[in-house]
Structure formats: C-alpha cells, structure tokens
Amino acid sequence: MDLILFLIFASIALVCAVNVVVQKHPISSAVSLIGVMGSLAMLYLLLGAEFVAAAQVIVYAGAVMVLFVFVIMLLNAGKETPRGGSFMAQLLGTPVLLGLLLVLALLARHMYPPEAMVHFGGFRGGAPRAIGKALFTTYLLPFEATSILILIAIVGAVVLARKEMD
Amino acid sequence: MQQVPIAWFLMLSAALFVLGVAGFLFRRNIITVFMSIELMLNAVNLSFIAFTYQLNQADGHFDAFQVDGHLLAFFTMVVAAAEAAVGLAIILTVYRNRATLNIDEVDSMKN
C-alpha cells in the first residue's frame, strides 16, 4: 500500500513537472505546476508532515499559483516564440543536466542504504501543535524576522506595480 | 505491507530539481522561468521533509520529535510567497515598459 501510494503520487509529480518544462503556453505550465504541488502535498502527508502539507496546499497551490495565473491572464501571455539557443547550450544542456541528476541520485543512494525504509504513519510529530511549539520557542526570532520580510515584500510589490514609474 | 526506501524520495526530489533547472535554462518566457524557480523550491522542500522523517526514525525515541526540517520547509514557503509577490510585480513593470515577456529582449544590462 505504501509503495503503491508513493508510486502514484511520485509519477503524477514527475509527469506534471516534465509538462511544466515542455508546454509552450504559460497557462499550461501553471496548471501542471499546481499538479506537482498537489501531489507533493500528498507525499508530505504520507511522510507525517501534516502541517506542511496543509500549508503547501493553501500557500503554494492556493495563493502563489493564483497570483501566477492572475498575472498570466492580466498580461495576456501567449505562446512563447521558439528560438534557437546558443549552439553550446543546445549541445551540452541535456547531457549536463542528466549528469547532475545522476550525481544527485547516486549521492542519495550512497547516503541512505536501501534498508532505510519509510513506513507511512511511522512519524506522527508533524501536527500543528508540535510545529507551533517549535515556531514560538526555538524559532521565535526567525519567525518575527519573517513578518518584517513579508511587510517589505508587500511594500515593494505595491511600489513596483504602481501606475507611474518616474 | 511494502515500504518505500528513503532514497526514492530523495531521487524524486533530485529529478524535480533538475527539471526546474532545465526549465530555468531552456525556457524563454519570463513567467515560465519564474515557475521553474518555484519547482526547484518545492523539490528542496521534499528533501527537507524526507530528512526529518529519517532523523526521527534514526533517533528511535518518539517522545521528543525533531521538526526542524518542517520549519525550514515552512520558512521556504514564506520566502517563496514573498518572492512571488515581488517577482510578479517586477514582471508587470517590465511588461509595461517593454511590452515583451521574452527574456532575450530584456537585455539593457548586456555589454
């Protein structure tokens, strides 16, 4: 059961991520990205990260992607014009990226032996109570700094998106 | 009940990250490039969650959980939300001033 659920959601995430990269229209990429985020939220849930899974759906798949879709609609972004990149980039891009993937996968295999298993339900510490306790004790200062960061982001976005830029 | 190796989660994370890098490098639409960045951030978050599981599994005592990885993922989400707000405002400004979304045509700082 664990394996089946993992394979289902991992393949959904992978297919949608490939779709994000290969689709020519930005709105198709955005919808595929929502698929990636939704299936990742399911994987978080299976790993016991209940709070992060909920935040993933609300913040990422909800707020951030609505912002993206809104901007795509507002700018009426169409298909992107195909363009030949530099010769070296076309020649080397895919092999170099595949090499990076190979290195990362081998590293993951090397770090954790095959007998290090995930048993869904084996970790139950990701509930909002535990997260909130850590957030307001150990991580209080970063949390407060985060509020200032968001304030700066809001002001910056308003200033940047103003009507006249002079 | 079949179980899943922790390395598979990390490999999925690596694959998503590499796809994000590919989108960042190969795509020309500024919005799609921005979405590729979000894809990379998501891939890293998956690694954090998997590491947290493994950390608590390796410890063995389940009375005190280590949820630092979850908090890192949470802070990543917050920073990504702030980044999306500012970045999309920048995209709007660029489009208003240049009427293009192609990153090859936004080259004032070239040369």
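Start by selecting B:Ala99, which counts as exposed because just 9 C-beta neighbours fall inside 10 Å, and the cut-off for exposed is 12 or fewer. Keep in mind throughout that you are looking at a predicted model. B:Ala99 sits in the segment after helix 3 of chain B. Check its backbone while you are there: phi is positive, about 55°, although B:Ala99 is not a glycine.

**Along to B:Asn102**

Stay in the segment after helix 3 of chain B and pick B:Asn102. Is B:Asn102 exposed or buried? Somewhere in between: it has 13 C-beta neighbours inside 10 Å, so it counts as partly exposed.

Now show what surrounds B:Asn102. Setting aside neighbours within four places in sequence, its contacts are A:Glu80, A:Thr81, B:Arg28 and B:Asn29. Put a distance label between the C-alpha atoms of B:Asn102 and B:Arg28 and you should read 5.6 Å, for a pair 74 residues apart in sequence.

**Zoom out to chain B**

Colour chain B by secondary structure. You'll find three helices and one strand, in the order β-α-α-α along the sequence. Chain B has a radius of gyration of 19 Å, whereas the globule rule gives 13 Å for 111 residues, so chain B is more spread out than a compact globule. Line the view up with the principal axes and the C-alpha atoms fill a box of roughly 60 × 30 × 25 Å.

How much of chain B is buried? Of its 111 residues, 50% count as buried. As for contacts in chain B with a separation of 6 or more, 51% of them link residues 24 or more positions apart.

Switch to confidence colouring for a moment. Chain B has an average pLDDT of 87, with 92% of the residues scoring at least 70. Within chain B, helix 3 (residues 68-98) has the highest confidence, at a mean of 91, and strand 1 of chain B the lowest, at 84.

**Follow the strand across**

Select strand 1 of chain B, residues 4-5, together with strand 1 of chain A. These two strands run antiparallel and are joined by two bridges. To see one pairing, pick A:Met117: its bridge partner in strand 1 of chain B is B:Pro5.

Leave the confidence colours on. Strand 1 of chain A has the lowest mean pLDDT among the elements of chain A, 78, while helix 2 of chain A has the highest, 93. Over the whole of chain A the mean is 86, and 95% of the residues reach 70 or more.

**Chain A as a whole**

Now go back to secondary structure colours and select chain A. There are six helices and one strand here, and from the N terminus they run α-α-α-α-β-α-α. The radius of gyration of chain A is 20 Å, against a value near 15 Å for a compact globule of 166 residues. Its C-alpha trace spans about 55 × 45 × 25 Å along the principal axes.

Of the 166 residues in chain A, 29% are buried. Among contacts in chain A with a separation of 6 or more, 61% are between residues 24 or more positions apart.

Try giving two stretches of chain A their own colours: 1-78 for domain 1 and 127-166 for domain 2. The centres of these two domains, taken over C-alpha atoms, are 23 Å apart.

**Finish at the interface**

Show both chains and select the residues in contact across them. You should get 73 residues of chain A and 62 residues of chain B. Which elements of chain A supply at least two residues each to the side that touches chain B? Step through them as you go: helix 1 (2-22), helix 2 (26-46), helix 3 (50-75), helix 4 (87-111), strand 1 (117-118), helix 5 (128-136) and helix 6 (140-160). Pause on helix 3 of chain A, since its twelve residues are the largest share of that side.

Last, colour the side of chain A that touches chain B by residue class. It shows 59 nonpolar, ten polar and four charged residues. For the model's overall scores, note ipTM 0.89 and pTM 0.89.

Key
Residues numbered from 1 in each chain as written. Chains lettered and ligands numbered in written order. Predicted model: local features only at pLDDT ≥ 70, side-chain atom pairs only at ≥ 80, totals over all residues. Helix = DSSP H or I, 4+ residues; strand = E, 2+ residues; numbered from the N terminus. Rg over C-alpha atoms; globule rule 2.2 N^0.38 Å. Buried ≥ 20, exposed ≤ 12 C-beta atoms within 10 Å, placed from the backbone. Contact = placed C-beta atoms within 7 Å. Nonpolar A, V, L, I, M, F, W, Y, C, P; charged D, E, K, R; others polar. Pairing = 2+ DSSP bridges. pLDDT = per-residue confidence, 0-100. Domains from an automatic or database assignment.
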